[in-house]
Amino acid sequence: MVGEAVVEPPSLEKLISEFAALPGIGHKTARRLAYFVLSKSKDRALSLSQSIVDACEKVKHCSLCHSFAEEDPCPICRSRTGAKTICLVEKSSDILPFENAGIYKGLYFVLGGVLSPLDGIGPENLHISQLVERIKSEKIEEVIFALGSSPEADSTVLLIDKLLAGVPVKRSSLARGIPMGSELEFIDEITMLRAFESRTGI
Ligand SMILES: [Zn+2]
């Protein structure tokens, strides 16, 4: 019919909207990705969808540190039993720069976010009580806060610091002035090493 808008098939539209819901993917990129997937062999596309299904089914949270893992406890918690330092990060992927730099042999703890009242994230939405519990039960000697330097991260650190009142654990923070927070996972090894070595008490 003349003048009728060209529409994409509903299933393709749905695929585009799924891609567009991913972080950092605009509608244009989502459309390009969807067309790319469909232009490849069917096996390739099915292998992609199967990988998503597999990851969703196999990857769980370590019950000790809350990082992504296929086993519980995760390999890090299992192999570093008895370590007395915990590095506190916002999300699982923040562990990678530390491990890639090979500068840290202690434990990690994934908080699951930072306090953000505007987004409805309060203490009850984070693993704060489990963190405090682990610090006490494993007699942790140092907590390294690696949550970044946003106001939200600062108030999260303040709250945890308050909850740890009276607990004999040293608290330190990665050096300031280094881009962190949501970008922590992209930090290069040298920057990470510098931030780690010049950490200061809070
Ligand atoms: Zn773990």
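Let's start in a loop: lysine 139 sits between helix H6 (128–137) and strand E5 (142–146). This is a predicted model, and in it lysine 139 has a positive phi of about 50°, even though it is not a glycine. Most residues other than glycine have a negative phi. What about its surroundings? Lysine 139 has 11 other C-beta atoms within 10 Å, and since 12 or fewer counts as exposed, it is exposed.

Now hop over to histidine 66, in the loop between strand E1 (60–61) and strand E2. Histidine 66 also isn't a glycine, and its phi is positive too, at about 65°. Is histidine 66 buried or exposed? With 22 other C-beta atoms within 10 Å, where 20 or more is the cut-off, histidine 66 is buried.

On the other side of E2 (68–69), the loop leading to helix H4 (75–79) holds proline 73. The peptide bond joining aspartate 72 to proline 73 is cis, with omega at about 0°. Most peptide bonds, by contrast, are trans.

Time to zoom out. The chain's secondary structure adds up to eight helices and seven strands. Its radius of gyration is 21 Å, well over the 17 Å that the globule rule gives for 202 residues, so the chain is more spread out than a compact globule. Along the principal axes, its C-alpha atoms fill a box of roughly 75 × 35 × 35 Å. The domain assignment splits things into domain 1 (10–58) and domain 2 (60–201), with 32 Å between their C-alpha centres.

Finally, buried residues make up 24% of the 202 in the chain. Of the contacts between residues at least 6 apart in sequence, 59% link residues at least 24 apart.

Methods
Residues numbered from 1 in each chain as written. Predicted model: local features only at pLDDT ≥ 70, side-chain atom pairs only at ≥ 80, totals over all residues. Domains from an automatic or database assignment. Helix = DSSP H or I, 4+ residues; strand = E, 2+ residues; numbered from the N terminus. Rg over C-alpha atoms; globule rule 2.2 N^0.38 Å. Contact = placed C-beta atoms within 7 Å.
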